[in-house]
Amino acid sequence: LDLNGATVVIQGFGSVGTHTARFLKQRGAVLVGVCDIGGTVSDPGGLDLDRLLTLQAAGKSVIEYGGRTDDKDAVIDIACDIWVPAARPDVITGENVARLKTKLIAQGANIAMSMETEKVLHERGVLVLPDFIANAGGVICGAVEYRGGTREEAEAIIVKTVSDNTRAILDKVRDDKILPREAAIMLAQERLLDFMEASDFNRAA
């Protein structure tokens with residue numbers, strides 16, 4: 001999937017959603033739908049991100065953008081290449097998963113869907129990046145800041161870590177024919193065991 005020209009829908013337009021929109025726009029993606037607590041706004045030709053950010057900064061809902069608007073749950077129905085849940089948990093369920101029309105879901109929100117729902121999407125050929133892989137940037141940033149690192153150092157480490165972890169789980173998905181979340185859990189368990197064996201953890205316990 002080439003990000004240049006890829007269409008994006010973002011569910012939630014807070015801190016995660018706005019930064020995601022900026023990041024993808026810089027790489028040529030086109031924002032075609034977004035929602036907040038006030039409702040959904042969409043345009044298949046592309047929304048003006050700067051205008052949306054101005055509304056958000058003024059404390060206004062995205063529906064004041066004008067054009068095609070609907071209730072907040074309508075964001076699920078907008079066809080796109082990349083769909084980003086960036087707000088509340090359990091936004092995709094067994095009841096509405098069939099409405100999604102996308103190729104890739106990058107979970108910016110925690111627990112945006114159950115593993116059963118991810119399996120349904122996987123069987124439809126939709127790639128779902130697990131939440132604790134895709135949205136680990138905040139945790140990584142906190143760890144770098146705790147050690148006295150700069151923002152630039154944190155961003156560089158986030159890019160490398162999230163990219164490397166994503167590639168690692170996708171390799172497992174391809175080689176072992178398993179779900180991305182299953183691959184991510186296996187990777188986390190392997191690294192935890194390696195850490196425990198390489199440290200004094202067992203002796204301390």
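How much area does the protein chain expose, and what share of it do carbon and sulfur atoms supply? I looked this up and found about 11,400 Å² exposed, with 55% of it supplied by carbon and sulfur atoms, the areas coming from the Shrake-Rupley method with a 1.4 Å probe and only the protein chains shown counting as cover for residues.

I noted that this is a predicted model, in which local features need pLDDT of at least 70 and side-chain atom pairs count only at pLDDT 80 or more, while totals for chains, interfaces and linings use all residues. Residues are numbered from 1 along each chain as its sequence is written, and side-chain values use heavy atoms, with hydrogens and water left out.

Next I looked up burial, and 40% of the 205 residues count as buried, that is, under 20% relative accessible area with a 1.4 Å probe, protein chains only.

I then turned to the largest nonpolar core (buried Ala, Val, Leu, Ile, Met, Phe, Trp, Tyr and Cys residues joined through side-chain atoms within 4.5 Å), which has 21 residues, with Val8, Ile10, Phe13, Val34 and Leu52 having the most contacts inside it. Helix 2 gives the largest share of this core, four residues.

For Val8 I listed the residues it touches (heavy atoms within 4.5 Å), leaving out those up to four places away in sequence, and among them are Leu24, Val32, Cys80 and Val84. Apart from the largest core I found another, of 19 residues, including Val32, Ile78, Ala112 and Val126.

Note on methods. Buried means under 20% relative accessible area, exposed over 50%, partly exposed in between (1.4 Å probe, protein chains only). Helices (H or I, at least four residues) and strands (E, at least two) are DSSP runs, numbered from the N terminus.
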